[in-house]
Amino acid sequence: MRPLTLGDMMTTNVKTLREDDSLTSADWEMVVGEIRHLPVVDGDGRVVGMVSDRDVLRSAGLHRVSIGRIMSRDLRTGTPT
C-alpha cells in the first residue's frame, strides 16, 4: 500500500482572492461557500497569503480595508506529492 499524499486529500477547484480585493468580497465568498479560509494569490496564481473568517471578523468595522492588509503571509505550503 502506498502512503497517502497531499494530492490524495486536497481540493483543486479552490476559490481565491487577490490582495486588492475588499473585506466585503472575502466575507461574501466565505458565507456563500460555507468556508472559513481563502487563499490569496498574485497575478500569476501563486499563493501569497491566506485570509480566515477570524481575520474578517476582527476587521469588520473597516469596510474599505483590502485583503492584503489583513491576510497572513507566513504560510507553510506543500506539494501534491
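**Exercise 1.** In this predicted model, work out how exposed Arg73 is, then find its salt-bridge partner and say what the pair links.

*Solution.* Start with Arg73: its relative accessible area is 46%. Partly exposed covers the range between 20% and 50%, so Arg73 is partly exposed. Next, look for the partner: the side chain of Arg73 forms a salt bridge with that of Glu19, with N and O 2.8 Å apart. Now place both ends. Glu19 sits in the loop between β1 (17-18) and α2 (23-33), while Arg73 belongs to the segment after α4 (67-70), so the bridge ties together parts that are 54 residues apart in sequence. Finally, check Glu19 as well: at 29% relative accessibility, Glu19 is partly exposed.

**Exercise 2.** Which parts of the chain does the salt bridge between Arg36 and Asp53 tie together?

*Solution.* First, confirm the contact: the N to O distance is 3.9 Å, and the cut-off is within 4 Å. Then locate the residues. Arg36 is in the loop between α2 and β2 (37-41) and Asp53 is in helix α3 (residues 53-58), so the pair joins parts 17 residues apart in sequence. As for accessibility, Arg36 is exposed at 52%, whereas Asp53 is partly exposed at 25%.

**Exercise 3.** Starting from Asp44, trace which residues are joined into one network by salt bridges that share partners.

*Solution.* Begin with Asp44, which is exposed with a relative accessible area of 58%. Its side chain meets that of Arg46 in a salt bridge of 3.1 Å, N to O. Follow the shared partners and you arrive at a network of Asp42, Asp44 and Arg46. To round off your tally, the model has seven salt bridges by this rule.

How values were computed
Residues are numbered from 1 along each chain as its sequence is written. This is a predicted model: local features need pLDDT of at least 70, side-chain atom pairs count only at pLDDT 80 or more; totals for chains, interfaces and linings use all residues. Side-chain values use heavy atoms; hydrogens and water are left out. Helices (H or I, at least four residues) and strands (E, at least two) are DSSP runs, numbered from the N terminus. Buried means under 20% relative accessible area, exposed over 50%, partly exposed in between (1.4 Å probe, protein chains only).
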